[in-house]
Amino acid sequence: MGRGIIHEPDDIRPDNPPSNPELLDYLAAELVQANYDLKHIYRLILKSSTYQFSPIPQTRDPKAAAHFAAYTVRRLEAEVIIDALNQITGTAERYSSIIPEPYTFIPENCRAIALPDGSITSSFLELFGRPPRDTGLESERNNRITAAQRLHLLNSSHVRDKLRNGPALRKLLQEGNATENLYLAILSRFPGPGEGGAAGERLAWTLINTTEFLFRH
Amino acid sequence: MARNREVYVPLADTMVTLYCQRFSRRQVLGQGALALAGLLLGERLYAAAAKRSGPQKPQPAPEPAPRTRQAKAKAVIQIWLSGGPAHTDTFDPKPDAGSDYTGPLNRPIETNVKGIRIGELLPELAKLADKYSIIRSMTHGQNGHETASYMVQTGRMPGGRLVYPAVGAVVTAFKGFQEGSQSLIPPYIVLTQPQGRFSEAGFMGIKYKPFATGGDPNAYRFTVEGIIAPDLTDDQQRRRRDELQRADALAMALADDPQIAAAKEAEKAAYDLIIGDAGKVFDLSTEKEELRTRYGRNTFGQSCLVARRLIEKGVKYVTINQFAWDTHKEHFPAMRRLLPNLDKGLATLLADLADRGLLESTIVWCCGEFGRTPKVAWEAPWNGGRHHHGAVLSVLVAGGGFKGGQVVGASDARGENVRDRPVYPGDLIGSIYELLGIDPDANLPHPMNEVVKATPSPEEGLKLAGRLKEIM
C-alpha cells in the first residue's frame, strides 16, 4: 500500500499511534486466526477494494493518505525496474562481487531482487537507490527520483542497447499486433483509444519512460 | 551507506604487485561506467519537492559546518596517471645513475626555470616550468595499486573502519553542494571512466560520487553517457520528448502529486542537459581546430580541453583518469607513446588556463599512485620494465595559489628513496584544502553523523610532515 497503518512502518512507539487502530486490530486478529499465514493477509489486502482504488485522489482531505483514500503512487524500486527492463527486452545484467577475492560472478539469469548480498551491486542499482542493507530500516531505501535517473532511462547507452538488441522485445515487435504486444508487456494493458502509433523500438522507449511504467499506481 | 562496501583487501595487493591483471579487473568494473551515480542535480529538485509536500523525515546527513577561510582556489583538476608513472623518466630525472637506471632516456632537458630539468620526452612542459612546481619527495611506501591509490587520493591509511572519500568528493562536499551549486552540470566529473575498485565517495555515499562521462572526447561526437546519444539529433530528441509527454497520461492526471511533480522536474532537468545549453559544454566542435590540435588529438588531450571547459562552467572538481602507466614490461616504448600525449595535453591545459586567467583559481595536480623502480628490469619477461615503487613519487602541482617554478624535496642519487623533505599524501591534500579555503577543523558529512575530519591530521595517527608552505 506504500504506507503503514503505523507510519513509518518501522517506527512503532506509543507516541506514534496507528491511524486506524480498529483496522490494525482486525488484521492482527485475522493473522492469528489464520495461524499466522501471511498469505492470508496478502489475500485480504490484495482483494480489498481499498487496494484496488485508483491513484487519482478523490478528495483533498489531509487525512486521505493515512486512510488509504486513494492508491499511493510510488516509484518502482531499483531492482524491480532493472528486472522489468530485462524481462521486457530479454536481456540480462552481469552482477559480480569483487569482495572478497576471488571474485564471485552471479549467473546471468539471476534477477536483481534475488541478489543475496548488498555488496553485489551495479551502477544502475546504486543510481536508483537500492539500499546497502546496513541497518534493515525501511528508510534506508532511497526511492526519490533524480535527474540522473531520468537521464539514464531516457538517453543512456545501457537502456538504448537493451531496447535495440533485446531478443524478447524484437519478438514482441514481430509477432501479431506489435503495438498491443508492447502495451501488454510494458504497461500490462491494451492501448486505449488514440494511443499506440507505430510499434517499434521508439514506442518501447516511450512506454518505459511513462509514469505508468515507472510508478506503482 | 555507512557500510564499508569497498573495503580494502590486503591480500589483493601482493597479488597485484606481481601480476597486474588490471585490464580484466577494469573490464569487470567498467560495466559500471554507465551514467554512474554522481549526477546530483536531482538533489535540489528533491528539495523543491520536499518543500511542497510538507515536512519530511529528518535527513540523516547534515552538511558540514561552513567556516571557510580566505580561499585562493575555486576548483581543481586532477590528472590521475593510474598505474604509476616512472618518476625518473618524467619529473625527477637521474641522468648520472647509469644506463641500468636511466635506460635509453638519459638526456633530461632544461626547462625555462634555471636549475630545473625534466624528462626528455616532456619538451612542452619544459617551456613553462614557471607555471608549476614539482614535488620530488612524496612517499608512502606502499607498492600495491589499491593501497597506494587510496593513500594518495584520500591521505589516509586503508584498512580502518571507515572508507574515506577521495579529494574530489571532499572538495565537492564543501565547494559544490554546501555552497549550493546551482549548475545543472554535476560538480564532480570524471573523464571518462571511474577508477573502478577505488571508491571516490567513500563513506559519504552515492550523493558524492563523481559523474563519469564515458565516451571519448576525441571521437567525432563525444557521447557523454546519458547526455548525448550518438545517433539522435536534438530535433529527434525533441520529437521523442513530445511523444513521451503525450503518452504520459497518468502524469497529467496526477500532476498535483508531489512525487510525480518531482519526477517531471527531474525529467525537465535531464532534458536541459540532453538538448539544452547545459550539455553543450561537452561539445568540442565549437573550439578552434588549432587549439584542439595543440591539446593533442587523442583521448587524453581532448579530456584536458573538456576539463578546462567544465571549470569555466563552474564545475568544482574534474578528474582525468588515464589507465596506461603500469608499465612492468617494455617500459621505454610505452613512455615514448604516452609521454608526448601527456606533455602536449598537460602543457596546453596549463597554458590555456593561464591565458584565460583561470590558473590563479584552479589547482592542477598530476601524479599516479606511486613511482616506478629506478633500476630497470632488463631481464625476460620484463624486457626493460619498471615495477611499483612506493618509496618515492613525483607530483606536479600548479595554480590556485601554488607557486610555479619550484621544486619541493629531493630523492637520492638514483631516485630510490627520499633524501630531503618527505611529503606525505596528507600534506599535499591538506595544502589543497587550505588553498580552497576548507576549514581544517571541518567535518565530513557522515550518514550516521559520526564526527570525521575532512583534513588528514596527525591526531588520526597519520604520518605527516606539514603543509607545502614553501610553494603556497
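Student: What percentage of the 472 residues in chain B is buried?
Tutor: The model is a predicted one, and a residue counts as buried in it when 20 or more other C-beta atoms lie within 10 Å of its own. Chain B, which contains 14 helices and 14 strands, has 472 residues, and the buried share of them is 56%.

Student: Which helix gives the largest share of the largest nonpolar core?
Tutor: The largest nonpolar core has 152 residues, and those with the most contacts inside it are B:A307, B:V318, B:L350 and B:L396. The largest share of this core amounts to 11 residues, and these come from residues 331-355 of chain B, that is, from helix α13.

Student: Which residues does B:A307 touch, leaving aside those up to four places away in sequence?
Tutor: B:A307 is among the residues with the most contacts inside the largest nonpolar core, and B:V318 is another of them. With residues up to four places away in sequence not counted, the residues that B:A307 touches are B:I77, B:L191, B:V318, B:I320 and B:L349.

Student: How many of the 17 residues of α10(B) are buried?
Tutor: Helix α10(B) reaches 24 Å from its first C-alpha to its last, close to the 24 Å expected at 1.5 Å a residue. The helix is mostly covered, and of its 17 residues the number buried is 13.

Student: At what angle do helix α5 of chain A and helix α10 of chain B pack?
Tutor: Helix α5 of chain A spans residues 147-155 and helix α10 of chain B spans residues 258-274, and their axes are 8 Å apart. The crossing of α5(A) and α10(B) is right-handed. The angle at which these two helices pack is about 60°.

Student: How many nonpolar residues are there in the contact of α5(A) with α10(B)?
Tutor: From α5(A) come A:A147, A:Q149, A:R150, A:L151, A:L154 and A:N155, and they meet B:A266, B:E267, B:A269, B:A270, B:L273 and B:I274 in α10(B). Of the residues in this contact, 2 are charged and 2 are polar, while the nonpolar ones number 8.

Student: Is B:A255 buried or exposed?
Tutor: B:A255 lies in the loop between α9 and α10 of chain B, and B:I260 and B:A261 are the residues that B:A255 touches when those up to four places away in sequence are not counted. A residue is classed as exposed if 12 or fewer other C-beta atoms lie within 10 Å of its own. Because B:A255 has 10 other C-beta atoms within 10 Å, B:A255 is exposed.

Conventions. Residues are numbered from 1 along each chain as its sequence is written. Chains are lettered from A and ligands numbered from 1 in the order in which they are written. This is a predicted model: local features need pLDDT of at least 70, side-chain atom pairs count only at pLDDT 80 or more; totals for chains, interfaces and linings use all residues. Axes are lines fitted to C-alpha atoms, for helices over the stretch in contact, and angles run from 0 to 180 degrees between N-to-C directions. Helices (H or I, at least four residues) and strands (E, at least two) are DSSP runs, numbered from the N terminus. A crossing is left-handed if the near helix is turned anticlockwise from the far one by less than a right angle, and right-handed if clockwise. Two residues are in contact if their C-beta atoms, placed from the backbone, lie within 7 Å. Ala, Val, Leu, Ile, Met, Phe, Trp, Tyr, Cys and Pro count as nonpolar, Asp, Glu, Lys and Arg as charged, and the others, Gly among them, as polar. The expected span of a helix is 1.5 Å times one less than its number of residues. A nonpolar core is a set of buried Ala, Val, Leu, Ile, Met, Phe, Trp, Tyr and Cys residues joined through C-beta atoms within 7 Å.
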